[in-house]
Amino acid sequence: ALASALAQAEVAEVVVVDDGSSDGTAAAAHACDDGSGRLRILSQANGGPSLARNLGVRAVTSPAWCILDADDLFEAGRLGRLLSQGGEDWDMLSDGIRFAAADGSGHEIRPVIGAARELTLAEFVRGNIPRRNAPRRELGFLQPLMRTAFFRDNGLEFDVTLRLAEDYALFSEALALGARFRAVDAVGYVANITPGSLTHVHGPEDFDVLVDFD
């Protein structure tokens, strides 16, 4: 994950948040330092994905930021393609996402095929209704590039009551406040499917909180 982020020519900083892990995350992150001065490592007691994301985003000094989960990666040139295809008129800018399993299987979520266009709130919410017995293709899995000023000006952060679909919740709130969510015809984020991942393991109480948010 860190090597793929630091390899992006457009990246000015990489903020790692160690969410109280017990597997040597901080040491592994330090070992990835390329000497460019772009890598910062923050640590906190375990608080879940939203709390960890908020700590990292608050530390951002760049005009735009994006999330990269520790078991995922960016394809080479991802951010350059996004910026060249997305133009200037956006608050969130996303490509597609590729899910990859260790056995070589997987699938993609491609929000657009063809010319770049903007996603509406209604379209985004409808795009998060899963289909029974089908691969996960919810638009909330997308990991867009986001303008720092829009989110800070509107006081938007990840909902710390959610341990499920915190990205979907943040994007929905931003769209409801008028954010311009542009999607381009490319796939540049790779999500590795790992057994026991928090993305796929939740209890009824997690869904109750999500229903309350909706």
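Arginine 98 and glutamate 108 pair up in a salt bridge, with their closest N and O atoms 2.9 Å apart. That contact links distant parts of the chain: arginine 98 sits in strand β5 (residues 92-101) and glutamate 108 in strand β6 (residues 106-109), ten residues apart. Keep in mind that this is a predicted model. Across the structure there are 16 salt bridges, and a few of them are picked out below.

**The β5–β6 pair**
- Arginine 98 is partly exposed, at 27% relative accessibility.
- Glutamate 108 is also partly exposed, at 26%.

**A helix-to-loop link**
- Aspartate 69 bridges to arginine 53, and here the closest N and O atoms are 3.2 Å apart.
- Aspartate 69 lies in the loop between β3 (64-65) and β4 (72-74), while arginine 53 belongs to helix α3 (residues 49-58), so this pair ties together parts that are 16 residues apart in sequence.
- The two ends aren't equally covered: arginine 53 is buried, with a relative accessible area of 10%, whereas aspartate 69 is partly exposed, at 24%.

**Arginine 136 and glutamate 138, plus a network**
- The side chains of arginine 136 and glutamate 138 make a salt bridge too, at 2.9 Å from N to O.
- Glutamate 138 counts as buried, with 8% relative accessibility, but arginine 136 comes out partly exposed at 30%.
- Elsewhere, salt bridges with shared partners join Glu75, Arg98, Glu108, Arg110 and Asp185 into one network.

Methods. Residues numbered from 1 in each chain as written. Predicted model: local features only at pLDDT ≥ 70, side-chain atom pairs only at ≥ 80, totals over all residues. Heavy atoms only, no water. Salt bridge = Lys/Arg side-chain N within 4 Å of Asp/Glu carboxyl O. Helix = DSSP H or I, 4+ residues; strand = E, 2+ residues; numbered from the N terminus. Buried < 20%, exposed > 50% of the residue type's maximum accessible area, 1.4 Å probe, protein only.
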